[in-house]
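Let's work through a few exercises together, one small step at a time. Keep the sequence and the 3D view open as you go.

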Amino acid sequence: LDDLKKIIDKIDEDKNHSIEKNKNLARNYRDKALILIGFLGGFRRSELINLDFNDVQSELGGLIITLKKSKTDQKSLGTHKKGIRKSSVGPKYCPVISYENWMKVSGIKSGRVFRQIDNSNKILDKLSDKAVALIIKWRSEKAGIDSKKLAGHSMRSGIATVLAREEGVTETDIKKVTGHHSTSIVQRYIQDAELFDNATKKLDL
């Protein structure tokens, strides 16, 4: 979670500089929304690049996102939904506010939510799976984080691990966020999160 905040802090810093130079302005808004929604929503890269404007519904408490096709919905029945909560502590790390800001800056009213952007801030076509991984790698390095720690798939595994460390969060709670159906996979995240929760923490060392 600390790494996520460092990445967002760096994007905000770049965004403030870009207001004056108008360089990478749209890209900063896009990347902030993509990373926050991707991480806090436990999305796969393929889900992010195929997210359509009409799949996102704004509600008072946040966003309701319908995934038309995922590993758990190969027939595209639209039965898999995710809720993205609006932050209760402010807009800085809020995925909902970041999404709304990206929609305003991009002017997107239909089609793919996350798209390529050229050097003149022109919004182009949909992103590729590889592009999402490169965005995360680039943003990690700019924030001084070892990019090997983060990749596109780690947004989903990352939120699962963070939630597993939180007291009172159940396996069912994690599944609701990530969309995992496999109990064994979620249990693996929980076990990894508990590796350092052992008796040595009682030692005065």
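**Exercise 1. Decide whether Asn121 counts as buried or exposed, and describe its surroundings.**

Step 1. Asn121 has a relative accessibility of 16%, so it counts as buried; buried means under 20% relative accessible area, exposed over 50%, and partly exposed in between, with a 1.4 Å probe and protein chains only.

Before going on, a word on the model. It is predicted: local features need pLDDT of at least 70, side-chain atom pairs count only at pLDDT 80 or more, and totals for chains, interfaces and linings use all residues. Residues are numbered from 1 along each chain as its sequence is written, and side-chain values use heavy atoms, leaving out hydrogens and water.

Step 2. Find Asn121 in the loop between β4 and β5. Helices (H or I, at least four residues) and strands (E, at least two) are DSSP runs, numbered from the N terminus.

Step 3. Look at the backbone: Asn121 is not a glycine, yet its phi is positive, about 70°.

Step 4. Now the two strands: β4 (residues 115–117) and β5 (residues 123–126) run antiparallel and are joined by 2 bridges. Strands pair if DSSP finds at least two bridges between them. The two form a hairpin with 5 residues between them, and Ile117 stands opposite Ile123 in β5.

**Exercise 2. Work out in which order the strands of the open sheet lie, and why β1 and β3 each have one side without a neighbour.**

Step 1. The order is β1-β2-β3, with antiparallel pairing.

Step 2. β1 (56–59) and β3 (80–85) are at the edges with a single partner strand each, so one side of each has no neighbour in the sheet.

Step 3. Follow β2 (residues 62–67), joined to β3 by 6 bridges. Leu67 has His80 as its bridge partner, and Ile65 has Lys82.

Step 4. Compare the faces of β3: His80, Lys82 and Ile84 form the covered one, while Lys81, Gly83 and Arg85 form the uncovered one. In a regular strand, side chains alternate between the two faces of the sheet.

**Exercise 3. Find which residues touch the most other members of the largest nonpolar core.**

Step 1. A nonpolar core is a set of buried Ala, Val, Leu, Ile, Met, Phe, Trp, Tyr and Cys residues joined through side-chain atoms within 4.5 Å.

Step 2. This core has 39 residues, and Ile65, Trp102 and Phe114 touch the most other members.

Step 3. Ask which element gives the most: α2, with 9 residues.
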